[in-house]
Amino acid sequence: MIRPARPEDAPQAAYLMYLSGPSFALTILGGPESHAIGVLRKLFPIPNHLYSHTYAFVAEAKGKVVGLFLGFDRKEWEAARRAMGRELGFRWFKIVRPWHLPRVIPPLLDLARTFEPLSDEDYLIQMLAVLPKVRRRGIATRLIEFAAERARSKGLKRLVLDVLIENEGARRFYERMGFRAVKTVTDPRFCRRFGVRGSIRMAKPLGVGRCRDGAGEAFQGAACLSAGV
Ligand SMILES: CC(C)(COP(=O)(O)OP(=O)(O)OC[C@H]1O[C@@H](n2cnc3c(N)ncnc32)[C@H](O)[C@@H]1OP(=O)(O)O)[C@@H](O)C(=O)NCCC(=O)NCCS
């Protein structure tokens with residue numbers, strides 16, 4: 001079952017958010033792992049910002065949260081970004097160790113600077129993760145299908161996401177789901193800051209149409225685009 005997340009999902013959600021990008025969590029929030037997860041756990045119940053339950057959806061199996069993603073259209077993304085300052089404000093002082101606070105802002109600015117902008121037709125998927133012990137059972141596939149349905153219901157035309165170059169497993173998963181690379185970010189400061197090789201923006205067109213080659217078969221937009229027909 002996939003459902004909107006609730007504030008009380010924070011313990012499981014925080015762990016999954018951490019798994020979706022440990023290098024980002026540790027750089028922005030500070031290590032060790034248990035500390036970064038603890039910070040995410042405090043952030044998650046607060047509404048409207050980038051790491052909030054407001055934009056999160058969870059996969060549940062036998063009553064337990066086993067997978068998660070956060071989804072945003074362009075307006076939601078911009079509102080969530082503004083809420084990082086407005087909504088969280090002074091709360092940052094309680095959430096992050098005070099001496100680490102000056103180290104939170106530069107990586108967040110680097111992320112914002114290198115972020116490939118969204119169009120009005122995009123639905124952004126962030127922080128997709130599934131618990132290790134239940135991977136390869138189709139849970140992430142269901143989450144992406146759910147995101148696609150949500151995007152379609154909003155009248156949007158494309159799913160987009162960012163994945164690290166070195167995250168080959170996730171890249172293979174996204175390719176299998178019909179995503180294709182549209183841009184690579186290898187900004188040296190971004191890569192140095194997060195200790196990564198770079199990030200790839202991947203996109204998957206939504207909707208049904210016909211291939212131009214006249215084969216006459218209904219297709220999912222991504223399949224024809226990627227085949228260049
Ligand atoms: C990537 C991730 C979300 C996939 O979740 P999942 O529930 O295991 O994925 P699914 O079971 O739906 O996979 C469907 C298919 O995608 C492909 N796939 C999934 N994970 C893969 C991997 N690690 N390597 C290669 N192919 C993979 C396979 O073809 C798989 O089908 P198969 O199991 O029949 O071979 C999961 O591995 C994960 O949480 N990784 C850590 C967090 C992460 O990297 N998130 C992405 C952030 S951008």
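This report walks through helix packing, the ligand shell and a few notable residues in a predicted model.

## How the first helices pack

Two packed helices are described by the angle between their axes and the distance between the axes. With that in mind, here are two helix pairs that share helix 3.

| Helix pair | Axes come within | Crossing angle |
|---|---|---|
| Helix 1 (residues 10-20) and helix 3 (residues 33-43) | 8 Å | roughly 125° |
| Helix 2 and helix 3 | 9 Å | roughly 85° |

Let's take the pair of helix 1 and helix 3 to begin with. Their axes cross at roughly 125°, an angle that lies outside the 65 to 115 degrees counted as roughly perpendicular and is not over 145, the cut-off for roughly antiparallel. Helix 1 and helix 3 are therefore oblique to each other. The crossing of helix 1 past helix 3 is right-handed. On the helix 1 side, the contact is made by Ala10, Pro11, Ala14, Tyr15, Met17 and Tyr18, and on the helix 3 side by Glu33, Ala36, Ile37, Leu40 and Arg41. Sorted by class, this contact holds nine nonpolar residues, two charged ones and no polar ones.

Now for helix 2 and helix 3, whose axes cross at roughly 85°. That value falls in the range from 65 to 115 degrees, and these helices are therefore roughly perpendicular to each other. Helix 2 brings Ala25, Leu26 and Leu29 to the contact, while helix 3 brings Ala36, Val39 and Leu40. What classes of residue make up the contact of helix 2 with helix 3? It has six nonpolar residues, with no polar and no charged ones. If you have the structure open, Ala36 and Leu40 are worth finding: they are among the helix 3 residues in the contact with helix 1, and they also take part in the contact with helix 2.

## Helix 2 and the loop after it

Which residues of helix 2 (residues 22-29) are buried? They are Phe24, Ala25, Thr27, Ile28 and Leu29. The cover over these buried residues includes helix 1, helix 3, helix 6 (105-114) and helix 9 (188-194).

Right after helix 2 comes Gly30, which has a positive phi near 90°. A little further along, Gly31 and Pro32 are joined by a cis peptide bond with omega of about 0°. Pro32 sits in the loop between helix 2 and helix 3. For context, most residues other than glycine have a negative phi, and most peptide bonds are trans.

## Two residues with a positive phi

Lys62 is not a glycine, yet its phi is positive, about 50°. You will find Lys62 in the loop between strand 2 (56-61) and strand 3 (64-73). Is Lys62 buried or exposed? It is exposed, because 5 other C-beta atoms lie within 10 Å, and a residue with 12 or fewer counts as exposed.

Arg136 is also not a glycine and has a positive phi, of about 60°. Arg136 is in the loop between strand 4 and helix 7. With 9 C-beta neighbours inside 10 Å, Arg136 is exposed too. Along the sequence, Arg136 and Leu101 are 35 residues apart, and their C-alpha atoms are 38 Å apart in space.

## The shell around the ligand

There are 19 residues around the ligand, and those that come nearest are Arg135, Ala140, Thr141, Gly169 and Phe173. Helix 1, strand 4 (122-130), helix 7 (139-153) and helix 8 (168-176) each supply at least two residues of the shell. Which element gives the most to this shell? Helix 8 does, with five residues. By class, the shell has nine nonpolar, five polar and five charged residues.

## Two partly exposed residues

Pro11 belongs to helix 1 and is partly exposed, with 13 other C-beta atoms within 10 Å. Pro11 and Phe44 are 33 residues apart in sequence, and their C-alpha atoms are 8.9 Å apart in space.

Phe146, in helix 7, is likewise partly exposed, with 16 other C-beta atoms within 10 Å. Leaving aside residues up to four places away in sequence, Phe146 touches Ile2 and Phe57. Phe146 and Ala56 are 90 residues apart along the chain, and 12 Å separates their C-alpha atoms.

How values were computed. Residues numbered from 1 in each chain as written. Predicted model: local features only at pLDDT ≥ 70, side-chain atom pairs only at ≥ 80, totals over all residues. Axes fitted to C-alpha atoms, helices over the stretch in contact; angles between N-to-C directions. Helix = DSSP H or I, 4+ residues; strand = E, 2+ residues; numbered from the N terminus. Parallel < 35°, antiparallel > 145°, perpendicular 65-115°, else oblique. Left-handed = near helix turned anticlockwise from the far one by under 90°. Contact = placed C-beta atoms within 7 Å. Nonpolar A, V, L, I, M, F, W, Y, C, P; charged D, E, K, R; others polar. Near = placed C-beta within 6 Å. Buried ≥ 20, exposed ≤ 12 C-beta atoms within 10 Å, placed from the backbone.
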